[in-house]
Amino acid sequence: QDTSPQALIEQYSAAAGAAASPENGQALFMATHSGGKPDTPSCTTCHSADPTKGGQARTGKPIDPLSPTANPERFTDTKFVEKWFGRNCNSVLGRDCSAQEKADIIAWLVSL
Ligand code: HEM
């Protein structure tokens, strides 16, 4: 544990050069995308449409809530956050998420 949701929002928005937008984060998270793997069109595929609740991996394995409101362990470990943003953005979007997108998503998740 080396960081916090707020510190990550600040770092990513500084890198992006713009303030985080929770609205844009919500839109990205909830949208159905076509650039990634066909079986993972959305963040909600695994994290559910309510990230204060749990979700499940493709294998059926339960995933704890992604929102720090419901799960204080979220967004407290930089390496873990970067590892999973990398993996999941590529599965869903077929590319990395930008610093702006990461800031937006975390800003939305902390607002829930
Ligand atoms: C963990 C974001 C889509 C499965 C994470 C974490 C982030 C994240 C930031 C780590 C958070 C932390 O603990 O600090 C996203 C975003 C997605 C997305 C933005 C959409 C672009 C998916 C999809 C799957 C998935 C489609 C399933 C194929 C997982 C799993 C973990 C995880 C298994 C790690 C286990 C856990 O921490 O409970 N995700 N995710 N995610 N995500 Fe996603």
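**A walk from the ligand to the core**

Start by selecting the ligand: of the 21 residues around it, Cys43, Cys46, Trp84, Asn88 and Val92 come nearest. Keep in mind that what you have on screen is a predicted model.

Next, colour two helices. Residues 44–47 form α3 and residues 78–93 form α4, and each of these supplies at least two residues of the shell around the ligand. Which helix gives the most to that shell? Select α4, because that's the one, with eight residues.

Now show the whole shell and colour it by class. You'll find 13 nonpolar residues, along with five polar and three charged ones.

Time to leave the ligand and look for the largest nonpolar core, which has 18 residues. Pick out Ile9, Ala103, Ile105, Ile106, Ala107 and Leu109, the residues with the most contacts inside this core. To see where the core comes from, highlight α1 (5–16), α2 (22–30), α4 and α5 (99–111), the elements that give it two or more residues. The largest share is from α5, with seven residues. Finding such a cluster fits a general habit: in soluble globular proteins, nonpolar side chains tend to be buried together.

Zoom in on Ile105 next. What does Ile105 touch, not counting residues up to four places away in sequence? Select Gly25, Leu28 and Phe29, and you have its partners.

Last stop: colour the chain by confidence. The mean pLDDT is 98, and 100% of the residues reach 70 or more. For the complex, the predictor gives an ipTM of 0.98 and a pTM of 0.98.

Terms used
Residues are numbered from 1 along each chain as its sequence is written. This is a predicted model: local features need pLDDT of at least 70, side-chain atom pairs count only at pLDDT 80 or more; totals for chains, interfaces and linings use all residues. A residue is near a molecule or strand if its C-beta atom, placed from the backbone, lies within 6 Å of it. Helices (H or I, at least four residues) and strands (E, at least two) are DSSP runs, numbered from the N terminus. Ala, Val, Leu, Ile, Met, Phe, Trp, Tyr, Cys and Pro count as nonpolar, Asp, Glu, Lys and Arg as charged, and the others, Gly among them, as polar. A nonpolar core is a set of buried Ala, Val, Leu, Ile, Met, Phe, Trp, Tyr and Cys residues joined through C-beta atoms within 7 Å. A residue is buried if 20 or more other C-beta atoms lie within 10 Å of its own, exposed if 12 or fewer, and partly exposed in between; C-beta atoms are placed from the backbone. Two residues are in contact if their C-beta atoms, placed from the backbone, lie within 7 Å. pLDDT is the predictor's confidence in each residue, from 0 to 100.
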